[in-house]
Amino acid sequence: MVDKRISLRAFERDDVRELHRWMNDPESLRLVGRAPVTYEEALRHYEKKKQSGDLVLAIVGEGKPLVGWIFLKDIEHEHGRAGIGILLAPESRGSGYGRLAMEQMIDLGFRQLRLHKIYLTTRSINERAIQLYTRLGFVTEGRLRQHAYVDGAYSDTLFMGLLSEEWHHKD
Ligand SMILES: CC(C)(COP(=O)(O)OP(=O)(O)OC[C@H]1O[C@@H](n2cnc3c(N)ncnc32)[C@H](O)[C@@H]1OP(=O)(O)O)[C@@H](O)C(=O)NCCC(=O)NCCS
């Protein structure tokens with residue numbers, strides 16, 4: 001599973017040190033988090049995902065051992081669907097890693113796990129993420145009004161979905 005610039009590997013317990021740093025970055029807190037977390041809380045977050053059967057992978061860049069994590073969660077084979085989530089290290093954002101990692105994970109979901117639908121939620125203030133998801137083909141299926149409280153204001157949450165027949169990955 002190797003792209004020109006990134007590869008995905010299993011996310012290991014030792015990687016949680018980095019995850020802890022990313023989770024506490026101010027932009028992460030504003031766009032995905034709630035409040036700062038301890039290392040033990042970050043570790044529990046990771047372990048809970050593994051125990052519940054989420055597919056949790058580390059994103060490896062060229063010459064960079066760890067630039068982020070990406071996961072498929074709530075995998076429901078009966079319905080052929082799963083949620084997707086991604087968090088990059090602050091210093092690795094804005095370089096295209098997000099798109100490459102999402103493409104590989106979506107490919108894995110549709111072509112290995114035989115999913116029919118991959119979906120996600122994102123805060124409406126997260127313009128970069130929405131731009132990325134839209135470019136990948138995700139469609140906004142719903143808008144949860146004033147669903148998150150961020151920096152003293154309510155923000156809508158978007159529900160976005162991508163169907164397998166809508167996925168046209170270039171080999
Ligand atoms: C969201 C995230 C995965 C995106 O990955 P990335 O590699 O940083 O993505 P990029 O910076 O290359 O940007 C993706 C697209 O958004 C555009 N973009 C960048 N900043 C933007 C902004 N402020 N407003 C609108 N669009 C923006 C880029 O131009 C690019 O679009 P293009 O391909 O049409 O040129 C990554 O930034 C991240 O982990 N952010 C913090 C956590 C997070 O928000 N996770 C998602 C939660 S739903």
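**View 1. The make-up of the shell around the ligand, by residue class.** Nine nonpolar, seven polar and four charged residues form the shell around the ligand. This is a predicted model, and here you can look around the whole set: the ligand is surrounded by 20 residues. Among these, the closest are Leu88, Gly94, Gly98, Asn126 and Gln131.

**View 2. Backbone contacts to ligand oxygen atoms.** Start with Leu88, where a backbone N or O atom sits 2.8 Å from an oxygen atom of the ligand. Gly94 also places a backbone N or O atom 2.8 Å from a ligand oxygen atom. For Gly96, the distance from a backbone N or O atom to an oxygen atom of the ligand is 3.4 Å. As for cover, the ligand taken alone exposes 940 Å², and the protein buries 73% of that.

**View 3. Helices and strands that line the ligand.** At least two shell residues come from each of β4 (81-88), α4 (97-111), β5 (117-123) and α5 (127-136). Which element gives the most to the shell around the ligand? That is α5, with seven residues.

**View 4. How α4 and α5 cross.** Both helices shown here supply residues to the shell around the ligand. A pair of packed helices is described by the distance between the axes and the angle between them. For α4 and α5, the axes come within 11 Å and cross at roughly 45 degrees. The two helices, α4 and α5, are therefore oblique to each other. As for handedness, the crossing of α4 and α5 is right-handed.

Definitions and conventions. Residues numbered from 1 in each chain as written. Predicted model: local features only at pLDDT ≥ 70, side-chain atom pairs only at ≥ 80, totals over all residues. Heavy atoms only, no water. Near = heavy atom within 4 Å. Polar contact = N/O pair within 3.5 Å; in protein donor to acceptor, adjacent residues only side chain to side chain. Areas by Shrake-Rupley, 256 points an atom, 1.4 Å probe, with all protein chains shown as cover. Helix = DSSP H or I, 4+ residues; strand = E, 2+ residues; numbered from the N terminus. Nonpolar A, V, L, I, M, F, W, Y, C, P; charged D, E, K, R; others polar. Axes fitted to C-alpha atoms, helices over the stretch in contact; angles between N-to-C directions. Parallel < 35°, antiparallel > 145°, perpendicular 65-115°, else oblique. Left-handed = near helix turned anticlockwise from the far one by under 90°.
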